[in-house]
Amino acid sequence: MHDYCNEFVNAWLEGKEVEIPEFLYKYRPFDEHSFDMLENEYIYLCKARRLDDPSECKATYDLDDYYNIETGCVKSRAIDLILDYLRPYSTPQHFEIMRRLVNSAATPGGEISGSRLLMVAIDMQECVSGINVAPFINYIRDIPERLDKPEIQELVKTLFHKAESAHEEMGICSLSEHSNSPEMWEDYADGSSGYCIEYHTKGHKRSGEIFPVSYTDRRNTDIVFAILAAMIGKLVQELSNGEMVTDKSQYFSLFLTKNTKWQHQKEWRIIGNAGEKAKAPPIKTIYVGRNAKPENAERIKKFCLERGIGFTQR
């Protein structure tokens, strides 16, 4: 799912047509907003800081994660990032050989100097085809100098502050691919006493603002990582004469990634401004939980009958 999310965002950023599910589902408890939202046909975009995981949509930056300022050596995280860009040019077996070569040149602490990288450059070249590894070696060697440039440090700080403000200013409406998830009924529909709306999302005027959520144990919140990935991506495109498609989704993925413990949700997000009451997609069916109060179930049923919407009690 992590790769799918990145591919989806990259395609969207390039203006390509992207596919979203025809139907997505919103689980809710009955509260003072329920019938106002239904009758006035809107969805509410809550602040990103109110999401499940308190660390969601949070940004961090630490140049020390990428190089040792005292020794000038590059650290393993930066090396791994660059090696991943060489992966498409190598077989799985050769890629592992290349990774072992790089690791053999590193210190016990996982740092590597430019001179030691040059020692394994020839053997690395034998593991890839169709691209010259020398520019990558030079890039790794120059990372400390690149990240020390005032314009890069200023960019890091600017993006960090933008990401931090987005935590308050970005609005998100969470939807699910699941139409009848016991966990979702329990967690988001007040122990099955709430309801679930089936939205016809495909073709909705905001369908271009609906994105899949990626699930990973190591969610990247690092602005430096996003900038390095973008810089290396540019290098890859130049070396491959524009033939190699690079990942542009790193910064965007700060807002579309959750821990794997939430992967049962199969979440998609409508993104906009915090506090916005956005036009809701057309409703196909409303499902009422088995523990709903009779008066709530009856009112939903009446609402559905009057508008030709499907009604089901679970």
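This dialogue walks through some features of a predicted protein model.

Biologist: Where should I begin with this model, and how many helices and strands does the protein have?

Modeller: Begin with the overall make-up, keeping in mind that the model is predicted: the protein has ten helices together with twelve strands.

Biologist: What share of the residues counts as buried, and what can be said of the accessible surface?

Modeller: Burial is judged from relative accessible area, with under 20% taken as buried. Here, 50% of the 314 residues count as buried, while the accessible surface of the protein comes to about 15600 Å², with 49% of that area belonging to carbon and sulfur atoms.

Biologist: How do I read contacts between residues that lie apart in sequence, and what percentage of them join residues at least 24 apart?

Modeller: The idea is to take contacts between residues at least 6 apart in sequence and ask which of them span at least 24; in this protein, 82% do.

Biologist: Could you take a single residue, Met-98, and tell me which helix holds it and whether it is buried or exposed?

Modeller: Met-98 has its place in helix α4, which covers residues 92-104. Met-98 is classed as buried because its relative accessible area is 0%, and buried means under 20%.

Biologist: Which residues does Met-98 touch, leaving aside those up to four places away in sequence?

Modeller: With those set aside, Met-98 touches Leu-83, Leu-86, Met-124, Cys-127 and Val-128. As for separation, the C-alpha atoms of Met-98 and Gln-125 are 8.7 Å apart, although their positions lie 27 residues apart along the chain when counted as a sequence separation.

Biologist: Where is Arg-307 found, and is that residue buried, partly exposed or exposed?

Modeller: Arg-307 is found in helix α10, residues 294-307. Arg-307 is partly exposed because its relative accessible area is 39%, which falls between the cut-offs of 20% and 50%. The C-alpha atoms of Arg-307 and Ile-283 are separated by 9.6 Å, the two residues being 24 apart along the chain.

Biologist: How many cavities of 30 Å³ or more does the structure hold, and which residues line the largest cavity?

Modeller: The structure holds one cavity of that size, 30 Å³ or more, and about 30 Å³ of space lies in the largest cavity. Its lining consists of Met-37, Leu-38, Tyr-42, Ile-197, Tyr-199, Ala-280 and Ile-283. The elements that give two or more residues to this lining are α2 (34-39) and β5 (195-200).

Biologist: What is the lining of the largest cavity like by class?

Modeller: By class, that lining has seven nonpolar residues, with no polar and no charged ones.

Key. Residues numbered from 1 in each chain as written. Predicted model: local features only at pLDDT ≥ 70, side-chain atom pairs only at ≥ 80, totals over all residues. Heavy atoms only, no water. Helix = DSSP H or I, 4+ residues; strand = E, 2+ residues; numbered from the N terminus. Buried < 20%, exposed > 50% of the residue type's maximum accessible area, 1.4 Å probe, protein only. Contact = heavy atoms within 4.5 Å. Areas by Shrake-Rupley, 256 points an atom, 1.4 Å probe, with all protein chains shown as cover. 1 Å grid on protein atoms, 1.4 Å probe; cavity = no way out; pocket = protein on both sides within 12 Å on 5 of 7 lines; lining within 4 Å. Points joined across faces, edges and corners; volume = space filled by probe spheres on them. Nonpolar A, V, L, I, M, F, W, Y, C, P; charged D, E, K, R; others polar.
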